[in-house]
Amino acid sequence: MIDEKILCDLRKEIENAEMSEKRRRHTLAVEDMAVRLGELYAPESLDVLRAAALLHDITKEYTAEEHIAILIGHGILPRDIDIFAPKTLHAQTAALLIPEKYAESATPEVISAVRWHTTGHAGMTVCEKLIYLADYIDETRKFPDCVKLREMFWSAEPQKMNEKEKEAHLRRVLIESYKMTVTALLDEGCPISPDTVDALNELIIEERKNENGRKD
Ligand code: DGI
Ligand code: FE
Ligand code: FE
């Protein structure tokens with residue numbers, strides 16, 4: 001449990017951290033969205049969600065060279081995909097720096113939610129899914145795909161769904177988000193991280209099993 005005082009201090013630190021005004025507003029809006037999603041899907045983990053949201057983009061504005069130096073400094077050899085999909089690097093480096101810079105918030109759940117917030121991966125926990133989604137649909141995002149996904153998530157009124165419906169709804173929204181991301185990346189000639197592909201495949205397979213279950 002990360003107590004309220006640690007979370008308040010963390011928010012103050014992030015409010016004063018060296019990052020652009022846009023990134024700061026986004027970070028605080030991800031915290032708001034993570035809490036809204038958490039109230040629906042993981043009310044017992046609001047502390048994890050708040051800390052992960054506040055920490056998820058702490059290295060977003062570092063250069064590619066700085067990210068690579070952090071990986072190497074932690075004994076990690078950058079893979080080809082790290083070099084050719086550089087926008088995914090900040091999730092790895094933020095997760096590496098949290099225990100050093102924000103030790104009081106550095107629980108395994110917080111670190112993993114930050115680590116996977118950009119690509120996702122196979123076997124995502126509910127907190128990992130919620131931070132990934134909160135990051136995509138926070139209220140400051142005006143990009144058409146984000147507006148569309150935010151609308152898709154809330155217009156279905158998940159507050160009124162039972163547990164099974166809510167789970168299926170989250171899965172469908174996540175699949176849609178990955179479709180939009182992968183399509184945009186391919187259009188731009190960017191490689192798709194194997195973690196992104198693994199996450200999407202797993203969600204599609206779960207969805208197919210669910211459809212078959214409904215037919216039986
Ligand atoms: O850091 P944010 O901008 O708030 O959001 P984010 O951490 O989800 O990063 C989004 C960026 O990462 C976006 O430009 C797309 C890129 N990205 C996400 N998954 C992949 C990826 N880029 C490549 N090349 N491959 C991926 O699988
Ligand atoms: Fe990010
Ligand atoms: Fe973000």
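## Exercises on a predicted model

Start with helix α11: its buried residues are Asp-195, Thr-196, Ala-199, Leu-200, Leu-203 and Glu-207. Keep in mind that this model is predicted.

**Exercise 1. Work out on which side of α11 the buried residues sit, and what they pack against.**

Solution.
- Take the buried set, with Asp-195 and Glu-207 among its members. These residues cover an arc of only 130° around the axis, so they share the same side of α11.
- Now flip to the other side of α11: Arg-208, Lys-209 and Lys-215 are exposed there.
- Then look for partners: the buried residues of α11 pack against α7 and α10 (163-187).

**Exercise 2. Check whether the span of α11 agrees with its 22 residues.**

Solution.
- Helix α11 runs over residues 194-215, and at 1.5 Å a residue it should span 32 Å.
- The expected span uses one less than the number of residues.
- The end C-alpha atoms of α11 are 32 Å apart, so the two values agree.

**Exercise 3. Find the protein donors of the iron ion (ligand 2) and say which parts of the chain the two histidines tie together.**

Solution.
- The protein donors are Asp-57 (OD), His-90 (NE2) and His-117 (NE2), at 2.1 to 2.2 Å from the ion.
- Along the chain, the donors follow the spacing D-x32-H-x26-H.
- His-90 lies in helix α6 (residues 89-101), and His-117 in the loop between α7 (108-115) and α8 (126-137), so the pair ties together parts that are 27 residues apart in sequence.
- Both histidines, His-90 and His-117, are buried.
- Don't stop at one ion: Asp-57 bridges the iron ion (ligand 2) and the iron ion (ligand 3), which lie 3.5 Å apart.

**Exercise 4. Classify the ring pairs that Tyr-132 makes with Tyr-136 and Tyr-178.**

Solution.
- Begin inside α8: Tyr-132 and Tyr-136 both lie in this helix, 4 residues apart, or about one turn.
- Their ring centres are 6.2 Å apart with the planes at 50°, so this pair is tilted.
- Tyr-132 also pairs with Tyr-178, and here the rings are stacked, at 4.9 Å centre to centre with 15° between the planes.
- That pair links distant parts of the chain, with Tyr-132 in helix α8 and Tyr-178 in helix α10, 46 residues apart.
- As for burial, Tyr-132 has 3% relative accessibility and counts as buried; Tyr-178, at 1%, counts as buried too.

**Exercise 5. Trace what Ile-137 touches in the core.**

Solution.
- The largest nonpolar core has 51 residues, and Ile-137 is one of those touching the most other members.
- The largest share of this core, 8 residues, comes from α8.
- Leaving aside neighbours within four places in sequence, the contacts of Ile-137 include Met-33, Phe-153 and Trp-154.
- Phe-153 and Trp-154 join Tyr-41 in one aromatic cluster.

Notes:
Residues are numbered from 1 along each chain as its sequence is written. Chains are lettered from A and ligands numbered from 1 in the order in which they are written. This is a predicted model: local features need pLDDT of at least 70, side-chain atom pairs count only at pLDDT 80 or more; totals for chains, interfaces and linings use all residues. Side-chain values use heavy atoms; hydrogens and water are left out. Donors are N, O and S atoms within 2.8 Å of the metal (3.2 Å for Na, K and Ca); water is not among the atoms, so sites may look incomplete. Buried means under 20% relative accessible area, exposed over 50%, partly exposed in between (1.4 Å probe, protein chains only). The arc is that of the directions from the helix axis to the C-beta atoms. Contact means heavy atoms within 4.5 Å. A nonpolar core is a set of buried Ala, Val, Leu, Ile, Met, Phe, Trp, Tyr and Cys residues joined through side-chain atoms within 4.5 Å. Rings of Phe, Tyr and Trp (its six-membered ring) pair if their centres lie within 6.5 Å; planes under 30 degrees apart count as stacked, over 60 as edge-to-face and the rest as tilted.
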